[in-house]
Amino acid sequence: MAEATEIQKLVYLVTGGCGFLGEHVVRMLLQREPRLSELRVFDLRLGPWLEELKTGPVRVTAIQGDVTQAHEVAAAVAGAHVVIHTAGLVDVFGRASPETIYEVNVQGTKNVIEACVQTGTRFLVYTSSMEVVGPNIKGHPFYRGNEDTPYEAVHKHPYPCSKAQAERLVLEANGREATWPGCTCWWPGSCSDGRRC
């Protein structure tokens, strides 16, 4: 029988784990999360740097997959306690089609949400973009905001539109049957209204 003081070991999944932000999240988790037993790195293109991480005490599982493919996302999410969704198509220069941006950023996020709900994953951390909150219609900067801060942003390009839509999906899904808090950009526990998240 396990002792009451034994710490539960957790399985984390980082979507987009080989991207700029995702790689930093992966490395930070390996350095700072003592409860980590397995770290799954899900990305369309797996980086060769992942091999060096497989020699440590934490099991690192590289999963090549596409967030636009619901079955691939569901397979990666199954059994994960925490999903950190960093996958996305960043396009501020208009190089990708609006349809592709929507498919990755909005449909990909829907797939992650549905996989979390279907598998009972309790925590989803969604990484949004500053593009969502600015520029506002008055041209004012955005200071010290959180998920409850109202902002009147003007989204004229597909990338910020898609990230705003995806952010709304996560916030709307908060509290669905899997009872996970859908925090946007912040770790669970950061809700400003006193909720336990």
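This report walks through the fold, the cores and a few individual residues of a predicted protein model.

## Overall fold

Let's start with the big picture. The protein chain holds 5 helices and 6 strands. Read from the N terminus, strands and helices follow one another in the order β-α-β-α-β-α-β-α-β-α-β. Of the 197 residues in the protein chain, 42% are buried.

Contacts across the sequence tell you something about how the chain is put together. Among contacts between residues at least 6 apart in sequence, 64% join residues at least 24 apart. On the outside, the protein chain exposes about 11200 Å², and carbon and sulfur atoms supply 53% of that area.

## Strand 1 and its neighbours

Strand 1 is a good place to begin a tour of the interior. It is largely enclosed by the rest of the structure, because 6 of its 6 residues are buried. In a regular strand the side chains alternate between the two faces of the sheet. Here, Leu 10, Tyr 12 and Val 14 point one way from strand 1, while Val 11, Leu 13 and Thr 15 point the other way.

Strand 1 pairs with two other strands. With strand 2 it runs parallel, joined by 6 bridges, and Leu 13 stands opposite Arg 40 of strand 2. With strand 4 it also runs parallel, through 4 bridges, and Tyr 12 stands opposite Val 82 of strand 4.

Strand 4 continues the pairing: 4 bridges join it to strand 5, and these two strands run parallel. Val 83 has Leu 124 of strand 5 as its bridge partner. Within strand 4, Val 82 and Ile 84 point one way and Val 83 and His 85 the other, and all of these residues are buried.

## Two nonpolar cores

In soluble globular proteins, nonpolar side chains tend to be buried together. In this model the largest nonpolar core has 21 residues, and the ones with the most contacts inside it are Leu 13, Val 73, Val 77 and Val 83. At least two residues of this core come from each of strand 1 (10-15), helix 3 (70-77), helix 4 (98-119), strand 5 (123-126) and helix 5 (158-173). Helix 4 gives the most, with 6 residues.

A second, separate core has 18 residues, including Leu 29, Val 41, Leu 50 and Ile 84. What does Leu 13 touch, leaving out residues up to four places away in sequence? The list is Arg 40, Phe 42, Ala 76, Val 77, Ala 80, Val 82, Val 83 and Ile 84.

## Helix 1: one buried face

Helix 1 covers residues 20-32, which is 13 residues, and reaches 19 Å from its first C-alpha to its last, close to the 18 Å expected at 1.5 Å a residue. Its buried residues are Gly 22, Val 25, Val 26 and Leu 29. Seen down the axis, these fall within an arc of 100°, so they line one face of the helix.

The other side of helix 1 has a few exposed residues: Phe 20, Gln 31 and Arg 32. Over the buried residues of helix 1, the cover includes strand 1, strand 2 (36-43), helix 2 (50-53) and strand 4 (82-85).

## Helix 4 meets helix 5

Is Asn 105 buried or exposed? This residue of helix 4 is buried, with a relative accessible area of 2%. Leaving out residues up to four places away in sequence, Asn 105 touches Gly 88, Leu 89, Tyr 159, Ser 162, Lys 163 and Ala 166.

In helix 5, the buried residues include Tyr 159, Ser 162, Lys 163 and Ala 166, along with Pro 160, Ala 164, Glu 167, Val 170 and Ala 173. The 16 residues of helix 5 should span 22 Å at 1.5 Å a residue, and its end C-alpha atoms are 22 Å apart, which agrees. Just after helix 5, Gly 175 takes a positive phi of about 90°.

## An exposed loop residue

Val 90 lies in the loop between strand 4 and helix 4. Val 90 is exposed, with a relative accessible area of 60%. Along the chain, Val 90 and Lys 163 are 73 residues apart, and their C-alpha atoms are separated by 9.3 Å.

Notes: Residues numbered from 1 in each chain as written. Predicted model: local features only at pLDDT ≥ 70, side-chain atom pairs only at ≥ 80, totals over all residues. Heavy atoms only, no water. Buried < 20%, exposed > 50% of the residue type's maximum accessible area, 1.4 Å probe, protein only. Contact = heavy atoms within 4.5 Å. Areas by Shrake-Rupley, 256 points an atom, 1.4 Å probe, with all protein chains shown as cover. Core = buried A, V, L, I, M, F, W, Y, C linked by side-chain atoms within 4.5 Å. Expected span 1.5 Å × (residues − 1). Arc of directions from axis to C-beta. Pairing = 2+ DSSP bridges.
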